[in-house]
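Thanks for making time this morning; I would like to walk you through one structure, starting from the fold and ending at the ligand. Please have a look at it on the screen before I begin.

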Amino acid sequence: MDVPVPARIASHPDVYPPSEDTYLLLRGITLRPGERFLEVGTGSGLVAIEAARIGRVVATDANPAAVRLARRNAAENGRRIEVVRCDLMSAVRGPFEVVAFDPPYLEGPLADTLEAAWQGGREGSDVALRFLEDFPRVLGPSGRAYLLLSAGNRVARSTANRCFRARIVASAPLFFERLDVLELTHIDLR
Ligand SMILES: C[S@@+](CC[C@H](N)C(=O)[O-])C[C@H]1O[C@@H](n2cnc3c(N)ncnc32)[C@H](O)[C@@H]1O
């Protein structure tokens, strides 16, 4: 998506604020008018709010403070998004043409505090792996998923490459690592 007409985004001490990875994800996403868009782990809601300029948007987060903040930010920007509190996309049914996730991608134990925004388990891949397992359930047959991964998320990367048609659509160096946005589509088995 074009980056950005910045939405007015309020912050909250318990919610991950828009950061370089947020803007990289935005840059990688292609969303066409009218398409149904799901953002998993929306945080402050910025990506979902930008998407709502173009398509119909549902967003999720496990953090109740993020759900409240994303709803408030959407309302203050005059955008309609449905924000659901759940684990990944467990409470959501598809199909969506586009699904996006900037997961917790750093090595560190899973948590239910603010650290859950960046600690993604073993080599930072555990949450991304669960996303890879479940998103095909909600993605339409010719849909696209956008998943941000760091160079260190080797297990998640090899799973993405093995199970989907994958290509890198945006990249950026960040401190000591490289972040990529992968576009994933169903493998056509015909
Ligand atoms: C790196 S932050 C990204 C936030 C936002 N999308 C952005 O780009 O600014 C990851 C987000 O995923 C949420 N999250 C982490 N694990 C989750 C899970 N299992 N289910 C739903 N949301 C989760 C966190 O609460 C956090 O808001």
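How many helices and how many strands does the protein have? There are five helices and seven strands, and I should say at once that this is a predicted model. If you follow the chain from its start, the elements come in the order α-β-α-β-α-β-β-α-β-α-β-β.

Let me turn to the overall dimensions. Along the principal axes, the C-alpha atoms fill a box of roughly 45 × 35 × 30 Å. The radius of gyration is 15 Å, which agrees with the value near 16 Å that a compact globule of 190 residues would have. Of those 190 residues, 45% count as buried, and if we take the contacts between residues at least 6 apart in sequence, 65% of them join residues at least 24 apart.

Next, a single helix, α3, which runs over residues 64-76. From the first C-alpha to the last, α3 reaches 18 Å, close to the 18 Å expected for its 13 residues at 1.5 Å a residue. Which of its residues are buried? They are Ala-66, Val-67, Leu-69, Ala-70, Asn-73 and Ala-74. As a reminder, an α-helix has 3.6 residues a turn, so residues three or four places apart point the same way. The cover over the buried residues of α3 includes α2, β2 and β3, and just after the helix Gly-78 takes a positive phi of about 65 degrees.

Now to the strands towards the end of the chain, where β7, residues 177-185, has pairings with β5 and with β6 to consider. With β5, residues 139-150, strand β7 pairs in the antiparallel sense over six bridges, and within that pairing Asp-180 is the bridge partner of Leu-149. With β6, residues 165-174, the pairing is again antiparallel, over nine bridges, and here Leu-182 stands opposite Ile-168. Strands β6 and β7 form a hairpin with two residues between them, and in that turn Phe-175 has a positive phi of about 50 degrees.

Finally, the ligand. What surrounds it is a shell of 24 residues, the closest being Thr-22, Gly-41, Gly-43, Ala-62 and Asn-63. By class, 13 residues of the shell are nonpolar, seven are polar and four are charged. Helix α1 (20-28), helix α2 (46-51) and strand β2 (56-61) each supply at least two residues, and the largest share, three residues, comes from α1.

Definitions and conventions: Residues are numbered from 1 along each chain as its sequence is written. This is a predicted model: local features need pLDDT of at least 70, side-chain atom pairs count only at pLDDT 80 or more; totals for chains, interfaces and linings use all residues. A residue is near a molecule or strand if its C-beta atom, placed from the backbone, lies within 6 Å of it. Helices (H or I, at least four residues) and strands (E, at least two) are DSSP runs, numbered from the N terminus. Ala, Val, Leu, Ile, Met, Phe, Trp, Tyr, Cys and Pro count as nonpolar, Asp, Glu, Lys and Arg as charged, and the others, Gly among them, as polar. Two strands pair if DSSP finds at least two bridges between them. The radius of gyration is taken over C-alpha atoms; the globule rule is 2.2 Å times the number of residues to the power 0.38. A residue is buried if 20 or more other C-beta atoms lie within 10 Å of its own, exposed if 12 or fewer, and partly exposed in between; C-beta atoms are placed from the backbone. Two residues are in contact if their C-beta atoms, placed from the backbone, lie within 7 Å. The expected span of a helix is 1.5 Å times one less than its number of residues.
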